[in-house]
Amino acid sequence: MLTQMPKHTEFTGPFDDFFNEFIAGRTDCGSYFDHVVSWYKQSDKKNILFLTFEETKRNTKETILKVAKFLGDSYFNDLNTNEQQMQKLLEYTSFDYMKKLPFVVPKSADVARKSGFNVGKNIDLVNTGDYINIQFFKAGKTSYTKENYSEQQKAIMKQMIQDHFAQLPDLVSIWKQFNVDM
């Protein structure tokens, strides 16, 4: 997906180089590990719901109900008693459905700077020439990294997970529960 995005960073190299930048926290969004830790430390707050992709894939219906409960009892009760609505949500949140959706991004860093880097914009913007439609969803499955990273990259990721998440045993437990522990 990143190779389809407008070049708004200096990075243009192969995946192995990107992996090294990612591990060092030198990406557009900073350190992934620091990001996860900072939000997980706040997961006990009433206005934060901490979910994992693995949990969502394993128990999609239960995760949808969890989100509905988080939003309020009325959402949960409505959804929990309306099977037709639940089936629509399951369909609309499925990987197969979302993969077919257009995902529009600015075609250059200049366009992004002028308009704001708002991804997922209306498909009609493609006709303006300033936006492109990209293939946003890649695999839609768990264990993708295990299948595609080199053994050295897996070892580095495992060490990063241990180093950054060791202070939060519950988070380590979540990663192990969903077999993310490289």
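**A lysine, some rings and two helices**

Let's start with a charge and a ring. Lys69 lies over the face of Phe76, at 5.2 Å from the ring centre. Keep in mind that this is a predicted model.

Next, aromatic pairs. How many does the structure hold? There are 11 aromatic pairs. I'll take two of them.

Here is one. The ring centres of Phe15 and Phe18 are 6.5 Å apart, and their planes stand at 40 degrees. What do we call that pair? It is tilted, because planes under 30 degrees apart count as stacked and those over 60 as edge-to-face. Both residues sit in helix α1, residues 15-23. Phe15 and Phe18 are 3 residues apart there, so about one helical turn separates them. Are they buried or exposed? Phe15 has 40% relative accessibility, so it counts as partly exposed. Phe18 is partly exposed too, with a relative accessible area of 22%.

Now the other pair. Phe19 and Tyr149 have their ring centres 5.4 Å apart. Their planes are at 85 degrees, so this pair is edge-to-face. Where do the two residues lie? Phe19 is in helix α1, and Tyr149 is in the loop between α9 (144-148) and α10. The pair therefore ties together parts that are 130 residues apart in sequence. Phe19 is buried, with a relative accessible area of 2%. Tyr149 is buried as well, at 17%.

Step back a little. These rings belong to one aromatic cluster, formed by Phe15, Phe18, Phe19, Phe22, Tyr32, Phe33, Tyr149 and Phe165.

On to helix packing. Two packed helices are described by the angle between their axes and the distance between the axes. Take α2, residues 32-40, and α10, residues 151-165. They pack at an angle of about 35 degrees, and their axes are 10 Å apart. The crossing of α2 and α10 is right-handed. Which residues make the contact? From α2 come Phe33, Asp34, Val36 and Val37. From α10 come Met157, Met160, Ile161, His164 and Phe165. By class, that contact has 7 nonpolar residues, 1 polar and 1 charged. Two names should sound familiar: Phe33 and Phe165 are also in the aromatic cluster.

One last stop: Thr63. You'll find Thr63 in helix α4, residues 60-71. Thr63 is buried, with a relative accessible area of 4%. What is Thr63 in contact with, leaving aside its neighbours within four places in sequence? The answer is Leu51, Glu55 and Thr56.

That's my tour. Thanks.

Notes. Residues numbered from 1 in each chain as written. Predicted model: local features only at pLDDT ≥ 70, side-chain atom pairs only at ≥ 80, totals over all residues. Heavy atoms only, no water. Axes fitted to C-alpha atoms, helices over the stretch in contact; angles between N-to-C directions. Helix = DSSP H or I, 4+ residues; strand = E, 2+ residues; numbered from the N terminus. Left-handed = near helix turned anticlockwise from the far one by under 90°. Contact = heavy atoms within 4.5 Å. Nonpolar A, V, L, I, M, F, W, Y, C, P; charged D, E, K, R; others polar. Phe/Tyr/Trp six-rings, centres within 6.5 Å; stacked < 30°, edge-to-face > 60°. Buried < 20%, exposed > 50% of the residue type's maximum accessible area, 1.4 Å probe, protein only. Lys NZ or Arg CZ within 6 Å of the ring centre and 35° of its normal.
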